[in-house]
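Biologist: I'm new to this one. Could you walk me through it and explain the terms as we go?

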Amino acid sequence: QSIQVYSEFRRVNPYGEIVPQDRGGRPRAILSPLVVRNAHFTFHVVVGAPRGQHFYLYVGTNPKDVFKITVYKEMFRRRKNVSVPDRLLPVTVPYLSQIPDPHYDIPGQKVECFLIDVFVPADVPAERVKLEPQVNVDGRWALYPMEVRIAELTVPRHRMRRAKLPRVGEPAIASVMGPLHRYLCGRA
C-alpha cells in the first residue's frame, strides 16, 4: 500500500498520474504547511493498495480535535480521453474501500483519490500540530506525517461570495485566479 500527498493544485487521475492541466512546474512535498486561523487549507491524498484488497483511510491529529476535518472522495469525469477529478463525495473516516472501486467502473484504476479539507478555527493557539493521513491494509500501515504550523494571523470574519468555477479542462489553479483577478483589478 502507499499514500501520497499533493497540493490542492495537483489533481491526480485514477491511474496515479497528475492530470495534464496541472503538470506545470515541479511538485513539492507537503510536510510542514504554514496555515492561518479562521481559514481552510486543502490537499489531495492518493492511496494505492493491492487490487481487490480492502483498505482503510484515516486522518489523525495530535493533539486531537484541533481542526475540523472533512474528507471527500474524488469522482472522475472523462474528457478527451483524460480522467479528471470533477466531483467530491463526502465520506466518513475511517473510510473502507478497495481498488478498483466496485461502485464506479474505472477500467485499469490503480489508485483512489481524496481531497482533505482542514478548517483551522479562529481560537486555536499558534502552535505546531501533527496531522497524519494513514492507510491500513490487512494490518500494515502507510503514513504521511505532516507538522502543521499554525500562524498568529487570523483571517477576519468575512461574507462568503460565490465565484465561477473553472471548466473541467482548465488547470486547478484557475479556481484561484478568477477571484484574485477580481480582487486585484476590481472586476470579474
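Biologist: Which residue in S6 does Arg 79 stand opposite?

Modeller: Val 82. This is a predicted model, so local features need pLDDT of at least 70 and side-chain atom pairs 80 or more, while totals for chains, interfaces and linings use all residues. Residues are numbered from 1 along each chain as its sequence is written, and side-chain values use heavy atoms, without hydrogens or water.

Biologist: What makes S5 and S6 a pair?

Modeller: Strands are DSSP runs of E, at least two residues, numbered from the N terminus. Two of them pair if DSSP finds at least two bridges between them. S5 (residues 68-79) and S6 have 9 bridges, in the antiparallel sense, so they count as a pair.

Biologist: Why are S1 and S6 called edge strands?

Modeller: The open sheet has 5 strands in the order S1-S3-S8-S5-S6, with antiparallel pairing. S1 and S6 (82-91) each pair on one side only.

Biologist: What makes a residue part of the lining of the second largest pocket?

Modeller: On a 1 Å grid over the protein atoms alone, a pocket is an open set of points with protein on both sides within 12 Å along at least five of seven lines, and lining residues have an atom within 4 Å of a point. Here 16 residues line the pocket, with Ser 7, Glu 8, Phe 9, Arg 28 and Ile 30 nearest its centre.

Biologist: Which strand gives the largest share of that lining?

Modeller: S3, with 3 residues. S1 (2-7) and S3 (39-48) each supply at least two.

Definitions and conventions. 1 Å grid on protein atoms, 1.4 Å probe; cavity = no way out; pocket = protein on both sides within 12 Å on 5 of 7 lines; lining within 4 Å. Helix = DSSP H or I, 4+ residues; strand = E, 2+ residues; numbered from the N terminus.
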